[in-house]
Amino acid sequence: MLTLGPLLIALSSIVTASRGYLADWNGTHVFNPQWPAHAKYHNGQTMTTGLPLGLTAWLTALHLVAMLSGIVYPDSLPVDPEFDEGFPQLYICGFLLALIITGLMLEAGRMNASMKQAAAKTQ
């Protein structure tokens with residue numbers, strides 16, 4: 001039976017695997033005529049990387065942290081000024097990381113209780 005912990009982790013992984021394509025396959029990124037070819041190259045690289053990394057919880061978390069780290073690079077912005085402002089990745093990645101952490105904590109608690117129950121039966 002699928003419990004809440006693994007469900008939260010799976011949800012975060014699915015969103016991470018598909019998010020790049022859902023958010024970037026449009027006129028603001030992939031089809032943006034103002035973007036230089038090299039910027040499109042790196043966007044495609046990031047979208048392709050996110051897909052397989054979204055398949056495991058630890059790699060999903062690593063990918064989300066790496067997405068947030070982009071803001072520390074010189075002259076970088078999380079959003080193109082012509083489309084929006086702010087740092088939406090902070091909320092998206094923060095929410096998905098919270099799902100992973102909550103899922104892991106719930107599952108660890110469930111497994112610990114199950115192990116204690118099994119140990120009590122053997123005594």
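These exercises explore a predicted model.

**Exercise 1. The annotated segment**

Find which residues UniProt lists as "signal peptide", and describe how the chain is folded there.

*Solution.*
Step 1. Go to the record: an unreviewed UniProt entry lists residues 1-17 for "signal peptide".
Step 2. Check the structure over residues 1-17: the chain is 82% helix and 0% strand.
Step 3. Look at the two ends of residues 1-17: their C-alpha atoms are 24 Å apart.

**Exercise 2. The cavity**

Work out how many cavities of 30 Å³ or more the structure holds, and what lines the largest cavity.

*Solution.*
Step 1. Count: the structure holds one such cavity.
Step 2. Give the volume: the largest cavity has about 30 Å³.
Step 3. List the lining: Thr16, Ala17, Arg19, Gly20, Thr46, Met47, Gly50, Leu51 and His63.
Step 4. Assign elements: α1 (4-24) and α2 (37-53) each supply at least two of the lining residues.
Step 5. Sort by type, with Gly counted as polar. The lining has three nonpolar, five polar and one charged residue.

**Exercise 3. The nonpolar core**

Identify the residues of the largest nonpolar core, and find which element gives the most to this core.

*Solution.*
Step 1. Name the eight residues: Leu8, Ala61, Leu64, Cys93, Leu96, Leu97, Leu99 and Ile100.
Step 2. Look for elements giving two or more residues to this core: they are α3 (57-69) and α4 (88-122).
Step 3. Pick the main contributor: α4 gives the most, with five residues.
Step 4. Follow Leu99, one of the core residues. Leaving aside neighbours within four places in sequence, Leu99 is in contact with Leu8, Ile9, Leu11 and Ser12.
Step 5. Add the general rule: in soluble globular proteins, nonpolar side chains tend to be buried together.

Methods:
Residues are numbered from 1 along each chain as its sequence is written. This is a predicted model: local features need pLDDT of at least 70, side-chain atom pairs count only at pLDDT 80 or more; totals for chains, interfaces and linings use all residues. Side-chain values use heavy atoms; hydrogens and water are left out. UniProt positions are given in the numbering used here, feature names are shortened, and annotations may be inferred rather than shown by experiment. Helices (H or I, at least four residues) and strands (E, at least two) are DSSP runs, numbered from the N terminus. On a 1 Å grid over the protein atoms alone, a cavity is a set of points where a 1.4 Å probe fits but cannot get out, and a pocket is an open set with protein on both sides within 12 Å along at least five of seven lines; lining residues have an atom within 4 Å of a point. Grid points are joined across faces, edges and corners, and a volume is the space filled by probe spheres set on the points. A nonpolar core is a set of buried Ala, Val, Leu, Ile, Met, Phe, Trp, Tyr and Cys residues joined through side-chain atoms within 4.5 Å. Buried means under 20% relative accessible area, exposed over 50%, partly exposed in between (1.4 Å probe, protein chains only). Contact means heavy atoms within 4.5 Å.
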